[in-house]
Amino acid sequence: MRPRIIHIGFCVLLLITGTIRCKEAYEPPAIKAANRYLVVDGFINIAPGAVTSININRTRDLGDSTTIGIPELNAKVSILDTHGTAYSLTDTANAGIYTSAPLNLDITKQYSIAITTADGRKYASDAVPCKPTPPIDTLFWRQPGDFTVYVNTHDPTGNTRYYRYDYAETWEHDAEITTALTVANGMIVPTDSSNQEFRCWTTAPSTNVLVTTSTRLAEDIINAFPITTILNGDTKFIIAYSILVRQYALTEDAYNYWLLIQKTSDAVGTLFDLQPTQLMGNIHCITNPSEPVIGFLSASTVQQQRVFVYHSSLNNWKDNQLIYGCDSLLIALNTMNPLIYNYPDTFYAPWYFNAQGFLVLGSRYCIDCTLFGGSNQSPPYWPF
């Protein structure tokens, strides 16, 4: 029996080896195809004196290394009303973000957008009605363990029913040690509010789609709709955290479109990823009607609220902050000018001058909070 077992095992090994050698990577046509579909992301802001911004990009292929859309540059973009009046949008930053001048639109009219790309292809949206957005009633949070932000709103007229939300988060993260010194043009200079490296703020937009409806209720009320949940221990709460939540009124068609986007992006990734389903919006290619276009134009006002949360307000928040070994060393000063700084090891930065006249250096990761992202300029809405 033993020789037979060895023989069977040898045959199985050959079969496995042959299978591995014959196996080749399979690349479906959807991965290899050059699908650069137009993505139109934005809405017409109908508030008095408001500016409208429309982000126009091309989708990326599934095999691309980039994780964002490809900006559509040098296009001609206009808002049109039902009487043919046109309002131009311009891409002043050359980033695919087309912005209008402050507008005072007539909310009794319907509006559409027209796009002509640099290669002459024409796109247009259906005309859409204007939907005023009711104010946010309350923006609040709860933290029995993890941290969740909720929103309450209602429309006493019952005319909204369909809602979309997005948000922007800001959090403060400070360096482990403080210094009054920095380097500019090879010289040691004192820090001020423009060049300090101890206190930083990072701001990040939401990437998920948030829609809800009150159609199953007798009244047009949204109660405790969850906006985002942050797991206990997240470093966004090391010092202080803020979230700005924006609310938009939708038509039923717009709601159904964003609901499909929500389901698709949850399964695939971002709005600019290859879409596994046909996302039929209200924007069409006039030049080639069979060309898919991703996007749904709406016209509404936007309501927003901001809430601040301090670390001290949280209950048993875990401290998962990375602590670096803040080692230091002494270096002799330049005899010609003690403020000249040319120490070659960029791992270190000036910390302070000691009583003996030496310059003390500290680990840059402990001194410079900008190494972890964000800006050293305080946001204008930050309370302290």
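In this predicted model, C285 has a relative accessible area of 4%, and because that value is under the 20% cut-off, the residue counts as buried. C130 is likewise assigned to the buried class, its relative accessible area being 13%, which again falls under 20%.

A search for disulfides across the whole structure returned two. In general terms, such a bond is a covalent link between the sulfur atoms of two cysteines. One of the two disulfides is formed by C200 and C369, whose sulfur atoms are separated by 2.0 Å. This pair connects distant parts of the chain, since C200 belongs to strand β16, which covers residues 199-205, while C369 is found in the segment that follows α4 (364-367), and the two cysteines are 169 residues apart. The torsion about their S-S bond is about 75°, and the disulfide is therefore right-handed. Both ends of this bond are buried: C200 has a relative accessible area of 0%, and C369 has one of 1%.

A further disulfide is made by C326 and C366, with a distance of 2.2 Å between the sulfur atoms. Here C326 is located in the loop between β23 (302-310) and β24 (328-331), whereas C366 is part of helix α4, so that the bond ties together parts of the chain lying 40 residues apart in sequence. About the S-S bond of C326 and C366 the torsion is about -95°, and for this reason the disulfide is described as left-handed. The two cysteines fall into separate accessibility classes, for C366 is buried at 0% relative accessibility, while C326, at 27%, is partly exposed; the latter assignment follows because 27% lies between the limits of 20% and 50%.

When the bonded cysteines of the protein chain are numbered in sequence order, the pairing reads 1-4, 2-3. In this scheme the bond between C200 and C369 corresponds to 1-4, and the bond between C326 and C366 corresponds to 2-3.

Apart from the cysteines, the surroundings of one asparagine were also examined. N57 is situated in strand β3, which comprises residues 53-58, and with a relative accessible area of 5% N57 is classed as buried. The side chain of N57 takes part in a polar contact with the side chain of N55, at a distance of 2.6 Å.

Definitions and conventions:
Residues are numbered from 1 along each chain as its sequence is written. This is a predicted model: local features need pLDDT of at least 70, side-chain atom pairs count only at pLDDT 80 or more; totals for chains, interfaces and linings use all residues. Side-chain values use heavy atoms; hydrogens and water are left out. A disulfide is a pair of cysteine sulfur atoms within 2.5 Å. Helices (H or I, at least four residues) and strands (E, at least two) are DSSP runs, numbered from the N terminus. Buried means under 20% relative accessible area, exposed over 50%, partly exposed in between (1.4 Å probe, protein chains only). A polar contact is a pair of N or O atoms within 3.5 Å; within protein, one must be able to donate a hydrogen and the other to accept it, and residues adjacent in sequence count only if both atoms are side-chain atoms.
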